[in-house]
Amino acid sequence: MKRFRSTSLTARLGLLFALIATLTFAGVGTYLYQSLASQLESHDDIELLGNIGLIRHFLLETSSVQDIQDDPHRFVDVAAGRAGLIIILKSADGKILFQNHTDHGALSTLPVTPANAVPDKASLGRWTLNSKLSARTVSAWGALHNTQEQVQIIVALTDSDRMALLGAYRNEVFAAVFFGALLAALFGYIIVRQGLRALHAIAKQAQSITAQHLDRRLDVTAAPRELQTLLLAFNDMLNRLHRSFQRLSQFSADLAHDLRTPINNLMVQTQVALSKPRSIEDYQTLLASNQEEYERLARMVENMLFLARADHAKFVLNKQRLDASHELQRIADYFEGVAEDAQVRLAIDAGGTLEADPILFRRAVNNLVANALRYTPEGGVIQLAAQTFQEGIAISVANPGIGIKPEHIPLLFDRFYRVDDARSGSTSSTGLGLAIVQSIMMLHGGRVEVESAPDAMTTFRLVFPLVRNHGDLRQPDNAHKINH
Ligand code: ATP
Ligand code: MG
């Protein structure tokens, strides 16, 4: 068995949440890290410049170079106050007077700020110490108390302290990103699951809709707004299916019912005839009567077959251009005898051409005329007309008579529907005539309309769409305007 792989929407959205959270946290973390790094550096710089000021101050209080060497405690104090701080004092001739850090290698070659100037950030530079340690450094001259001698001050602050702090911060950011993403994925998963619960509810409802419960519908009001259009469309589809399903069940019930009557008639008549010996005339009468039933059955089966084929659109239409007046005249001639017997007249008022399959066209109009003949009272006139209008051409069959009550009108075109079984005459009527008319009109892309009221004219109208690709069939709309 072929199994289809499905991806979980919930899991996918959860992962997406995690990805977005990772990117966001990583972005924010990087920004904060950078800003902390630059803040720490500028803080260090200010401290370095401050140390220059402080040392200059101590130098002013020192009377000679020798005093620095003899009593360096104040400078030791300054250096001790801060880890990573390097202080070097050199005499003008390059002799080192004080240093708290011996492993510094070559001294920085930074420009030295004169004693009468205050070093600023521009005087700061970078100095790589022996142990590959990097440091920010600044150098300036400082005058002694006697103001004759000057001492070069070099102050440096190694990066190690700052780096350690930033390293710890970076680790925290990594941890925050990781756990944040994990939490986002988890919450995302829970929230999406909650949100999709509505879908599960809908699926459950849909599962309960079966052939036996086709009248059930999905609850649109309880569904989230985004799904309501989908549900409405689904319910509409169910409505259509339900209607077709009902029509289909009705159809088979009607079919069985309509087949039973002629078969029962045949059976009963045959049984009665066989119950005792009969004369030849009796047998002939029976066979003639049976033949009528056979014909009715055959007609019904043929009609059913026609409808089934039309339903599946297996019909290849042999469309031809037909002259409406000529066609209606032909039909009127065909019914002449029957009309005369019924003392009914057929009147034609037709013009125009249409494109249709001639056999189907005749069949549709024949069905309408056959109905009209059945319901027109003696002396009545059946009007056959053809009228071209904007939309197409309408072939109408109108007859006076009992008319049709409004409640029957929507059902007339249903298969087997008859307004009044007794009147339709059980032997000749199958109730399929108008259903066939409708199928034929659908095959032609047209439609059938009916207008009637009790004891009024009944008019059936077949509307065939306009034939557009034959310029000679119809004058262009503006032609007659120009003629005016
Ligand atoms: P069939 O045409 O298969 O022999 P039928 O004529 O009874 O049977 P339809 O042609 O489908 O079936 O017509 C359905 C019903 O519509 C008829 O039984 C009749 O009650 C009603 N009907 C049709 N045409 C007219 C009409 N011109 N005047 C009044 N009622 C009509
Ligand atoms: Mg009929």
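Helices here are DSSP runs of H or I with at least four residues, strands are DSSP runs of E with at least two, and both are numbered from the N terminus. The model is predicted. Its protein chain is divided into domain 1, residues 2–169, and domain 2, residues 312–465. The notes below cover the domains, two open sheets, two pockets and two residues with positive phi.

**Domains**

- The centres of domain 1 and domain 2 lie 105 Å apart, taken over C-alpha atoms.
- Domain 1 covers residues 2–169, and domain 2 covers residues 312–465.

**Sheet with strands 1 to 5**

- Five strands form an open sheet in the order 2-1-5-4-3, and their pairing is antiparallel.
- At the edges are strand 2 (96–99) and strand 3 (125–128), each of which pairs on one side only.
- On average, neighbouring strands of this sheet are turned by 30° against each other, with direction ignored.
- Strand 3 and strand 4 (residues 134–143) run antiparallel and are joined by 4 bridges.
- Thr 128 has Ser 134 of strand 4 as its bridge partner.
- Helix 3 (residues 73–80) lies across strand 1 (85–91) and strand 2, and runs at about 150° to strand 1.

**Sheet with strands 7 and 9 to 12**

- A further open sheet has 5 strands in the order 7-9-10-12-11, with mixed pairing.
- Strand 7 (345–350) and strand 11 (447–451) are the edge strands, and each pairs on one side only.
- In this sheet, the average turn between neighbouring strands is 15°, direction ignored.
- Strand 10 and strand 12 run antiparallel, with 8 bridges joining them.
- The bridge partner of Ile 395 is Leu 462, in strand 12.
- Helix 8 packs on the sheet and touches strand 7, strand 9 (381–389) and strand 10. The direction of helix 8 makes about 180° with that of strand 7.
- Helix 11 also packs on the sheet, where it touches strand 11 and strand 12. The direction of helix 11 makes about 20° with that of strand 12.

**Largest pocket**

- The volume of the largest pocket is about 1,100 Å³.
- There are 43 lining residues, of which Asn 367, Ala 370, Asn 371, Arg 374 and Tyr 375 are the closest to the centre of the pocket.
- The helices that give two or more residues to this lining are helix 7 (280–311), helix 8 (324–342), helix 9 (358–375), helix 10 (421–424) and helix 11 (433–443). The strands that do so are strand 10 (392–399) and strand 12 (458–465).
- Helix 9 gives the most to the lining, with 10 residues.
- By class, 20 of the lining residues are nonpolar, 15 are polar and 8 are charged.

**Second largest pocket**

- The second largest pocket holds about 660 Å³ of space.
- Its lining has 21 residues, and those closest to the pocket centre are Arg 247, Asp 311, Phe 413, Asp 414 and Arg 415.
- Two or more lining residues come from each of helix 6 (225–274), helix 7 and helix 11.
- Helix 6 gives the most to this lining, with 8 residues.
- The lining is made up of 10 nonpolar, 5 polar and 6 charged residues.

**Elements with more than one role**

- Helix 7 gives two or more residues to the lining of the largest pocket and two or more to that of the second largest.
- Helix 11 likewise contributes two or more residues to the largest pocket and to the second largest, and it packs on the sheet against strand 11 and strand 12.
- Strand 10 and strand 12, which are joined by 8 bridges, each give two or more residues to the lining of the largest pocket.

**Positive phi**

- Gln 343, which is not a glycine, has a positive phi of about 55°. Gln 343 sits in the loop between helix 8 and strand 7.
- Asp 455, also not a glycine, has a positive phi of about 55°. The loop between strand 11 and strand 12 holds Asp 455.

Key:
Residues numbered from 1 in each chain as written. Chains lettered and ligands numbered in written order. Predicted model: local features only at pLDDT ≥ 70, side-chain atom pairs only at ≥ 80, totals over all residues. Heavy atoms only, no water. 1 Å grid on protein atoms, 1.4 Å probe; cavity = no way out; pocket = protein on both sides within 12 Å on 5 of 7 lines; lining within 4 Å. Points joined across faces, edges and corners; volume = space filled by probe spheres on them. Nonpolar A, V, L, I, M, F, W, Y, C, P; charged D, E, K, R; others polar. Pairing = 2+ DSSP bridges. Axes fitted to C-alpha atoms, helices over the stretch in contact; angles between N-to-C directions. Contact = heavy atoms within 4.5 Å. Domains from an automatic or database assignment.
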